[in-house]
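Student: I would like to go through this structure one question at a time. Please reason each answer through and finish on the name or value.

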Amino acid sequence: MSQPSYSLPPRKWYTLEQAAKRIAKLTGEEIEVGDLLHFWYINQLEISIFFRKTETTLTIGEYKFDNEEFIFIEQPKYFITSDSKIEVIEGAIYENFEIDNIFNKILFDDGYITYTGICSIVPSAFNYVEMEKEIIEKGICVNFAGNLITPKHSELKTRLSFFIQFKNFEKARYSYLNKENLYILNDHLDDFISNRSNELQSIAKKEKQPTTKTLNSQAEFIRNLITIHYGEKAANNIRNELENSRSRISRDFDENALKAPSGKTVDRWINQI
């Protein structure tokens, strides 16, 4: 009588070393961690990092930044159609988003949002050999992790996208996400082994990161609109205005059945200029 055959389910994610071993097991081809970083750098493989955004801090890998050290923007999410084409969904920021055991976006009653989980790092550095050497030797610098994208939601078929600008360029440029802090999701590893198209390639063509000038112009525009409609005093104290349910701007939102962002959020938006 033959012995039963057992097979473990695949992991949800792998460290780079674990991914290299699995590739060798499945394909018979030996591959090193440096090769995985190379394929990420040329946008052929998705590599991820742990990311957490709370009310007061941002954590990427082992690094933690206070609110005054960065600007964080959730961009329109991406809808992946059945033929792998990318569509952009506007205006869907105020929704929860959960991928079991991998990523959570939670929207609280007061309008505040927290983000926790594993996100893909969109390659954004110039493609040349010297930069690749630095990445393989030291890891991916935090500055290069300024564009993060969640895994794809299995039911909604969407991915969220985040833009992060670090105000201290030198600190972010020379702080490195080492190999032990980087991961590859099983789905992304399967896509790589099967030579299926990397969705980030298509998303990158759709996406253009806002420059500092653009961010400042947007912030100034929002501040000017508040000043025009509610006065300079309200613009200078927007957090208190939005947190005061009896203020004119809060009443206007309520009367029009609109949900306002938290006062703290808007205050950060308009005071980044």
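Student: How many residues does the protein chain have, and what share of them count as buried?
Tutor: This is a predicted model, and its values are computed from the atoms. Buried here means under 20% relative accessible area. The protein chain has 273 residues, and the share that counts as buried is 45%.

Student: How many helices and strands are in the chain?
Tutor: The C-alpha atoms fill a box of roughly 80 × 50 × 30 Å along the principal axes. Within the protein chain, the count is 11 helices and 14 strands.

Student: Among contacts between residues at least 6 apart in sequence, what percentage join residues at least 24 apart?
Tutor: A contact means heavy atoms within 4.5 Å. Among contacts in the protein chain between residues at least 6 apart, those joining residues at least 24 apart make up 67%.

Student: Which residues touch the most other members of the largest nonpolar core?
Tutor: That core has 49 residues. Leaving out residues up to four places away in sequence, F51 touches a list that includes L58, F72, Y115, L148, F162 and I164. F103 is also one of the residues that F51 touches. The residues touching the most other core members are F51 and F103.

Student: How many salt bridges does the structure hold?
Tutor: Side chains of opposite charge can pair when their charged atoms come close. The cut-off used is a Lys or Arg side-chain nitrogen within 4 Å of an Asp or Glu carboxyl oxygen. By that rule, the number of salt bridges in the structure is nine.

Student: Take E46 and its salt bridge with R159. Are E46 and R159 buried or exposed?
Tutor: The closest N and O atoms of E46 and R159 are 2.8 Å apart. The pair links distant parts of the chain, with E46 in the loop between α2 and β2 and R159 in strand β12, 113 residues apart. E46 has 5% relative accessibility and R159 has 1%. Because the limit for buried is under 20%, E46 counts as buried, and R159 also counts as buried.

Student: How many residues apart in sequence are the parts tied together by K171 and E69?
Tutor: The side chains of K171 and E69 meet in a salt bridge at 2.9 Å, N to O. K171 lies in helix α4 and E69 in the loop between β4 and β5, so the pair ties together parts whose separation in sequence is 102 residues.

Student: What are the relative accessibilities of K171 and E69?
Tutor: K171 counts as partly exposed, and E69 is partly exposed too. The value for K171 is 32%, and for E69 it is 21%.

Student: Which residues are buried in α5, and where do they lie around the helix?
Tutor: An α-helix has 3.6 residues a turn, so residues three or four places apart point the same way. In α5, the buried residues are N186, H188, L189 and F192. Seen down the axis of α5, these buried residues fall within an arc of 160°, so they line one face of the helix.

Student: Which residue just after α5 takes a positive phi, and of about what value?
Tutor: The residue lies in the loop between α5 (186-193) and α6 (199-206). It is exposed, with a relative accessible area of 67%. It is not a glycine. The residue is N195, with a phi of about 60°.

Student: Which residue does R196 meet in a salt bridge?
Tutor: R196 counts as partly exposed at 44% relative accessibility. Its partner is partly exposed, with a relative accessible area of 25%. The N to O distance is 2.8 Å, and the partner is D191.

Student: In which loop does K157 lie, and what is its phi?
Tutor: K157 is partly exposed, with a relative accessible area of 39%. K157 lies in the loop between β11 (147-149) and β12 (158-166). Although K157 is not a glycine, its phi is positive, at about 60°.

Student: Which residues make the nonpolar surface patch of about 330 Å²?
Tutor: One member, L225, lies in helix α7 (residues 212-230). L225 is partly exposed, with a relative accessible area of 35%. Patch residues need over 30% relative accessible area, and the members here are F221, L225 and I228.

Key. Residues numbered from 1 in each chain as written. Predicted model: local features only at pLDDT ≥ 70, side-chain atom pairs only at ≥ 80, totals over all residues. Heavy atoms only, no water. Patch = residues over 30% accessible without salt bridge, like charges linked within 9 Å, V, L, I, M, F, W, Y side chains within 5 Å. Areas by Shrake-Rupley, 256 points an atom, 1.4 Å probe, with all protein chains shown as cover. Helix = DSSP H or I, 4+ residues; strand = E, 2+ residues; numbered from the N terminus. Buried < 20%, exposed > 50% of the residue type's maximum accessible area, 1.4 Å probe, protein only. Core = buried A, V, L, I, M, F, W, Y, C linked by side-chain atoms within 4.5 Å. Arc of directions from axis to C-beta.
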